[in-house]
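Reader: I am in my first year and would like to look closely at one part of a protein model. Please take me through it step by step.

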Amino acid sequence: MSMLPFDQRDGFIWLDGQMLAWGDAKLHVLSHGLHYGGAVFEGERSYGGKIFKSSEHSARFKRSAEILDFAIPYSVEELDAAKQAVLDKNGLKDAYVRPVAWRGSEMMAVAAQHATIHTAIAVWEWPSMFDMATKMKGIRLDVAEYRRPDPKTAPSLSKAAGLYMICTISKHRAERRGYADALMYDWQGRVAECTGANVFFIQDGKIHTPIADCFLDGITRRTVIDLAKARGLDVIERRIMPDELGSFSECFLTGTAAEVTPVSEILEHRYTPGTITRSLIEDFNQAVRPESQSAAA
């Protein structure tokens, strides 16, 4: 992927219903969303020119805004059409898709009932990062200092921009320490998720994953749960405590960027990516690119 700064790229961005040249998609420094965290976003992925589960992402995008007490002024169908139009206009097939909505600049105080709600959609190239052999080596995880907040203290079921502040801090710390990411606990010290992905564990042929009640129930997470159940695998959503980490044989992450990513270690705990993890990677690849699998057959 290009390392060119995002404000210096070429292409087109959809902003408030108009297709603009990339460099013309701007907001004022006194936008409320920048100062007070009044913004929501989605992370989506296009495979072969088709956005995976686009409508589910659009619906969650709108729900996230409603939780933050504002309404995105476009329907799910309009958002789906706009995302596809941006993808096509930029001539991309395998791409990351980023819708974002925020409160505008009419008010600059905590209250912002009369701020205009802006919506933008950008896409950029995002090819598959690793072949299967490289992926199956697994990644190393640190444990974050910060925890996912109590749902009574933050809008934890919204994909709200402000909630990712502690994720950024935690991932920076993990990378400085030589890890790829960080496992986060919830406010009660139970295993929750990583900084931008959900986590799964395997024990005696059964899949265990934390209950998603203080973090996002990811769309990729739900997809992988369905794929596992279709294989006849038991999927147990439950509370997982840190002292259980050494009892699992396999571990993997799920998310738009992560897809299905094996984990080889969490601090002193070691995992060997095996048959179940590999089969779910293959099933996910089939789900997002069914036409390529058919052609290969």
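Before the close look, what pLDDT does the protein average? And how do helix 2 and helix 3 cross, and which residues make the contact?

Author: This is a predicted model, and the protein averages a pLDDT of 95, with 96% of the residues scoring at least 70. Over residues 293–297, however, the pLDDT is below 50, and that stretch has two contacts in the model beyond near neighbours in sequence. Where pLDDT is low, the predicted coordinates should not be read in detail.

Now to the pair of helices. Helix 2 covers residues 54–67 and helix 3 covers residues 76–89. Their axes come within 9 Å and cross at roughly 120°. An angle from 65 to 115 degrees would count as roughly perpendicular, and one over 145 as roughly antiparallel; helix 2 and helix 3 are therefore oblique to each other. The crossing of these two helices is right-handed.

On the helix 2 side, the contact is made by Ser54, Ser55, His57, Ser58, Ala59, Phe61 and Lys62. Helix 3 contributes Val76, Leu79, Asp80 and Lys83. Sorted by class, the contact of helix 2 with helix 3 has four nonpolar, four polar and three charged residues.

Two loop residues can be added for their backbone angles. Most residues other than glycine have a negative phi. Asp16, in the loop between strand 1 (12–15) and strand 2 (18–21), has a positive phi near 50°. Leu267, in the loop between strand 15 (259–266) and strand 16 (269–270), has a positive phi near 55°. Asp16 counts as partly exposed because its relative accessibility is 29%; Leu267, at 27%, also counts as partly exposed.

How values were computed:
Residues are numbered from 1 along each chain as its sequence is written. This is a predicted model: local features need pLDDT of at least 70, side-chain atom pairs count only at pLDDT 80 or more; totals for chains, interfaces and linings use all residues. Side-chain values use heavy atoms; hydrogens and water are left out. Axes are lines fitted to C-alpha atoms, for helices over the stretch in contact, and angles run from 0 to 180 degrees between N-to-C directions. Helices (H or I, at least four residues) and strands (E, at least two) are DSSP runs, numbered from the N terminus. Angles under 35 degrees count as roughly parallel, over 145 as roughly antiparallel, 65 to 115 as roughly perpendicular and the rest as oblique. A crossing is left-handed if the near helix is turned anticlockwise from the far one by less than a right angle, and right-handed if clockwise. Contact means heavy atoms within 4.5 Å. Ala, Val, Leu, Ile, Met, Phe, Trp, Tyr, Cys and Pro count as nonpolar, Asp, Glu, Lys and Arg as charged, and the others, Gly among them, as polar. pLDDT is the predictor's confidence in each residue, from 0 to 100. Buried means under 20% relative accessible area, exposed over 50%, partly exposed in between (1.4 Å probe, protein chains only).
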